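Visitor: Hi, I'm new to this one. Can you walk me through what's on the screen?
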Amino acid sequence: MTEITTEKARIGAPSAQPYIDGFTEEGENLSPLNTGTSPTTAEQAPPSGPLAGASAKSHSHGGGVGVPDSSRAGRLTSYKLADFKPLTGLEEDWRFTPLKRLRGLHSEALSGTAPSVSVTAPEGVVVETVGREDKRIGLAAIPEDRVSANAWEHFTEATVITVKAEQQLDGEVSVVLTGTSVEAAAQHIVIVAERFSKARIVLDHQGTATLSENVEILVEDGAELTVISLQEWNDDTVHASSQQAKLGRDSKFKHIVVSLGGDLVRLTPSTRFTAPGAEAEMFGLYFADAGQHLEQRLFVDHAVANCKSNVLYKGALQGRNAHTVWVGDVLIRKEAEGTDTYEANRNLVLTDGARADSVPNLEIETGLIEGAGHASATGRFDDEHLFYLMARGIPEDVARRLVVRGFLNEIIQQIKVPALEERLTEAVERELAASDN
Amino acid sequence: MSTLEIKDLHVSIETEQGTKEILKGVSLTIRTGETHAIMGPNGSGKSTLASTIAGHPRYNVTSGSITLDGEDVLAMSVDERARAGVFLAMQYPVEVPGVTMTNFLRTAKTAIDGEAPALRTWTKDVKAAMQQLRIDADFAQRNVNEGFSGGEKKRVEILQLELFKPKFAVLDETDSGLDVDALKVVSEGVNRAHATGNMGTLLITHYTRILRYIKPDFVHVFVDGQVVEEGGPELADRLEEEGYDRYAKGAGAASVAAASAAQA
């Protein structure tokens, strides 16, 4: 008799744990620790709109009542580190992260040397290194957590990459960030895709670093931008990256995260719609080995009408204490009529001893939408799968590759840079080969 | 002409209560072109025999042998057995995440044949075989067995049987859970594969129903890990009328076995 041991986590079911504090069937509740602060809206930020979240808005009016804690819109946002309380690990958005392994990104002054930035771009793309006072800084992003705010407080210079209006790039812009130090550092990148431009930008993170990074992405009206963030760090790297995109009217934005290397990597990508007609696709691929912590928390803010978003993150895990976290927050505000959104997370657990947390959250404040869905499933590749494939003549190593490659390929093929797709396919194979030892 | 020979096979499994012997000396010889039906009540060890032939790691062979044309099957890994020509149509085919049917079928065919099938004819063969088994064309793009109904999974097993062309097919309760229409479709598939004349079939079933569509040359009755009676197709008819009760009556299965051995 064969036993089928496939496990599936369904919508609203917190994976691996029967009960998690602060959790309801509908989604996460913000921890009370995050309330009661009085954030100040930074001067650069507009008084309302996407950059100042609802809480900031209410506070800026001296109200302090704000939206209920359970809403993603109520998250504190501020450019000032002091507005964020020291982390305890009990906060809603930090409860899965092992703070002890953050190497001070949340508590120390980030004075280390940031990874070097080397940009290779097609002609016409403007690459600048600017100081903190540059007027483009703060246009697209505002920190949503202490680690991001810490980087904002401490970065000394920023790299600004501008794709000029109506410029259609043939090749991709390659931004290689190479870390050489484990001292905690801050980094700031600004990407501007001007009106009706079309470009693909690769942020290629390599080497060794302890880094908090803010990436601001401004997609102007009618622009079409793809940003691919690769984390192929060495094993000793700790990396937190807030990647916030602000989308103009009828723009198209595609964001792809690939996290393979590093001891702890925590990405918080967000997309904010500021005008109707825009589309966002957010994809992610992560492969966690023994002891690795790979976390992704994304936010799609449907603040205006008639925008579309589609989110798909896929992760593979192998080895003892491989841990992945995926939290997907999609907020459809009252104004966002005609929204069409879907988010999904799929995890494939390849060995015992790994843990995948997956939390899809969908908040809907208007019923006048095209569609809204969310899904999460975590499956195991176990001995029965292996037996089935081997019983069809397929050798064990081929069987494993077949499953993992097939599973992750859906994301890789979104990249559409052949050389990069090949490199990542090979990287995934290497991850797999590591498990054979 | 090939021969699959099972000799005095003893198989046990590890359970929470300790080691449990399930097969207690099974001997069977199947030749190309023959269809053997193995029938028996639940828990008699039929499926254990099937899984042991395929090499499932849960089953420990404590003594006896399985050979394919003299080659020691028990010494082969699971994939080697499949490449040697043994095919197990599983009772509960598992869903394999991340692998499309198309990709899976081609990979398996390549592994079994030792070379990739010619793309054009292969695609045509797959399509035709799917059509005959009334499998929707869009199944090819879906992940292996994912979201398939019980009947669909069984049809996909027979699809593989037809495409991989094994020397010996072991069908582990392929008929259970099928409605009459699906049973006919599946049986036709097995008969087509058998009609090529290059395959021997070991058909494991709880019910006699499938034997109306697939004609066995030999029937073996399994009780408590042993073959207690053997005969031709007429034995199946008798089982249909009388059930398995008479084997379990009286002094128990072991003595039934002894009695049948004495008669033989």
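Visitor: Let's start with helix 2 of chain A. Which of its residues are buried?
Guide: This is a predicted model, to be clear. In helix 2 of chain A, the buried residues are Arg146(A), Val147(A), Ser148(A), Ala149(A), Asn150(A), Ala151(A), Trp152(A) and His154(A).
Visitor: Why is that helix called largely enclosed?
Guide: It spans residues 146-154 of chain A, and eight of its nine residues are buried, so the rest of the structure largely encloses it.
Visitor: What do those buried residues pack against?
Guide: Three strands of chain A: strand 6 (173-193), strand 7 (198-219) and strand 9 (238-247).
Visitor: Switching to chain B. How many helices and strands has it got?
Guide: Chain B has nine helices and ten strands.
Visitor: And what box do its C-alpha atoms fill?
Guide: Roughly 60 × 40 × 40 Å along the principal axes. The radius of gyration of chain B is 18 Å. A compact globule of 264 residues would come out near 18 Å, so the two agree.
Visitor: What share of chain B is buried?
Guide: 45% of its 264 residues. Take the contacts in chain B with a separation of 6 or more: 73% of them link residues 24 or more positions apart.
Visitor: I see a sheet in chain B with strands 2, 1, 4 and 5. Is it open, and what's the order?
Guide: It is an open sheet of four strands, ordered 2-1-4-5, with antiparallel pairing.
Visitor: Which strands stand at the edges?
Guide: Strand 2 (18-31) and strand 5 (71-72) of chain B. Each has a single partner strand, so one side of each lacks a neighbour in the sheet.
Visitor: Does anything pack on that sheet? What does helix 1 touch?
Guide: Helix 1 (residues 46-54) of chain B packs on the sheet and touches strand 1 (3-15), strand 2 and strand 4 of chain B. Its direction makes about 75° with that of strand 2 of chain B.
Visitor: Back to strand 5. How many bridges join strand 4 to it in chain B?
Guide: Two, and strand 4 (residues 60-68) and strand 5 of chain B run antiparallel. Thr67(B) stands opposite Asp72(B) of strand 5.
Visitor: What is the mean pLDDT of chain B?
Guide: The mean is 91, and 94% of the residues of chain B reach 70 or more. Over residues 250-259 of chain B, though, the pLDDT is below 50. That stretch has eleven contacts in the model beyond near neighbours in sequence. Where pLDDT is low, the predicted coordinates should not be read in detail.
Visitor: What ipTM and pTM does the complex get?
Guide: The predictor gives an ipTM of 0.92 and a pTM of 0.73.

Notes
Residues numbered from 1 in each chain as written. Chains lettered and ligands numbered in written order. Predicted model: local features only at pLDDT ≥ 70, side-chain atom pairs only at ≥ 80, totals over all residues. Rg over C-alpha atoms; globule rule 2.2 N^0.38 Å. Buried ≥ 20, exposed ≤ 12 C-beta atoms within 10 Å, placed from the backbone. Contact = placed C-beta atoms within 7 Å. Pairing = 2+ DSSP bridges. Axes fitted to C-alpha atoms, helices over the stretch in contact; angles between N-to-C directions. pLDDT = per-residue confidence, 0-100.
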